[in-house]
Amino acid sequence: MTERIAPAPTFAETALPRAVAQRMLALIDALGEYDGRPASHALTGILRLAAGQAPTLAERTSLQIAGLIELDHGHPVLTPEGQAVLACEAESQPQPMLPEPQPEEPAAGPAPFARLKIGGAVYEIAGWPASDALAFRTEPTADWCGLDADLAAGWSEIAAEILQRTRNALEDYVRMHMIRRREEEDPAGGNGFDLYGIGWEVREAGAALLLRLDGEAEWQTVPAPALAHAAGFRERAAAALVAQVRDLRERIGEDVHAWAKRLAAGALVEPV
């Protein structure tokens with residue numbers, strides 16, 4: 001789903017006249033030569049709407065958090081509270097129209113507009129120039145990674161995608177949801193596990209780990225590199241299943257995504 005920015009809506013007669021909003025934006029731009037950030041994102045964003053311009057991603061995020069706009073099919077629309085803010089102290093006299101501002105040259109790379117906090121991790125979120133596509137990075141010196149989810153999909157989808165992109169979500173899901181069939185290993189040295197109908201056994205043979213899926217007669221040797229990061233036996237059993245069942249992501253991918261969305265429910269968004 002791709003979010004498109006619609007032209008600013010026509011405001012009520014008591015709202016801030018477009019010419020006044022344009023002059024205020026011009027003044028803020030002029031002050032920017034002396035002060036790096038002379039006005040808040042919320043102020044410049046609501047002025048852009050009044051001036052018939054599209055707010056930036058950072059401005060839209062600030063206005064949404066403040067409750068001054070909402071998205072209607074991806075289009076920013078003033079809430080009643082936002083309309084009231086624009087109507088406050090607005091001039092009633094007709095104002096001369098200023099020339100429409102020329103579009104700014106797009107930045108060379110993604111422009112950060114928000115920070116996303118998930119647990120103890122913090123991610124920068126940026127928008128690509130002249131596009132609705134988003135990107136994220138884990139630290140200021142890291143490379144930007146493109147996201148499939150956009151603002152129209154919602155922050156929960158964005159956070160869930162980042163969780164799955166920055167950690168081994170498939171293996172974490174298996175480890176947290178698999179059930180051990182018995183407390184003690186069987187006489188042959190195997191340990192059985194089940195994951196919503198997917199059953200497998202693992203056993204150690206010297207330094208190697210063997211795996212056998214339910215319904216199969218042969219034991220498979222799990223490649224050592226697939227287990228190098230796993231410390232305990234349960235972790236090794238989960239890593240073995242992920243390594244040996246090639247279509248596991250296709251089989252349980254929707255469950256993993258839903259689990260990631262639940263983890264991302266507590267994410268916090270801050271404009272920058």
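## Exercises on strands and helices

In this predicted model, strand β8 (residues 191-195) and strand β9 (residues 198-205) run antiparallel and are joined by five bridges.

**Exercise 1.** Find which residue in β9 stands opposite F193, and name the helix that packs on the sheet and touches β8, β9, β10 and β11.

*Solution.* Start with the strand pair: F193 has W200 of β9 opposite. Next, look at the helices on the sheet. Helix α7 (residues 233-244) touches β8, β9, β10 (208-213) and β11, and its direction makes about 115 degrees with that of β9. Helix α6 lies across β7, β8 and β9, at about 110 degrees to β8.

**Exercise 2.** Give the strand order of the open sheet of five strands, and explain why β7 and β11 each have one side without a neighbour in the sheet.

*Solution.* The order is β7-β8-β9-β10-β11, and the pairing is antiparallel. At the edges stand β7 (179-180) and β11 (220-221); each has a single partner strand, so one side of each lacks a neighbour in the sheet.

**Exercise 3.** Describe how α6 packs against α8, with angle, axis distance and residues.

*Solution.* Take the geometry before the residues. Helix α6 (residues 169-177) packs with helix α8 (residues 248-263) at an angle of about 80 degrees, the axes being 10 Å apart. Angles of 65 to 115 degrees count as roughly perpendicular, so α6 is roughly perpendicular to α8. On the α6 side the contact uses A169, L170, D172, Y173, V174, M176 and H177; these meet L248, R249, I252, D255, V256 and W259 in α8. Sorted by class, the residues of this contact are nine nonpolar, one polar and three charged.

**Exercise 4.** Do the corresponding analysis for α5 and α8, and state whether the crossing is left-handed or right-handed.

*Solution.* The axes of helix α5 (residues 155-166) and α8 come within 8 Å and cross at roughly 110 degrees. That makes α5 roughly perpendicular to α8. The crossing is right-handed. From α5, the residues S156, E157, A160, L163 and Q164 meet V256, H257, A260, K261 and L263 in α8. This contact of α5 with α8 has five nonpolar, three polar and two charged residues.

**Exercise 5.** Work out how β1 and β2 are connected and which residue in the turn has a positive phi.

*Solution.* Strand β1 (residues 69-72) and strand β2 (residues 75-78) run antiparallel, joined by four bridges. One opposed pair is D72 with H75 in β2. The two strands form a hairpin with two residues between them, and H73 in the turn has a positive phi of about 55 degrees.

Terms used:
Residues are numbered from 1 along each chain as its sequence is written. This is a predicted model: local features need pLDDT of at least 70, side-chain atom pairs count only at pLDDT 80 or more; totals for chains, interfaces and linings use all residues. Side-chain values use heavy atoms; hydrogens and water are left out. Axes are lines fitted to C-alpha atoms, for helices over the stretch in contact, and angles run from 0 to 180 degrees between N-to-C directions. Angles under 35 degrees count as roughly parallel, over 145 as roughly antiparallel, 65 to 115 as roughly perpendicular and the rest as oblique. Contact means heavy atoms within 4.5 Å. Ala, Val, Leu, Ile, Met, Phe, Trp, Tyr, Cys and Pro count as nonpolar, Asp, Glu, Lys and Arg as charged, and the others, Gly among them, as polar. A crossing is left-handed if the near helix is turned anticlockwise from the far one by less than a right angle, and right-handed if clockwise. Two strands pair if DSSP finds at least two bridges between them.
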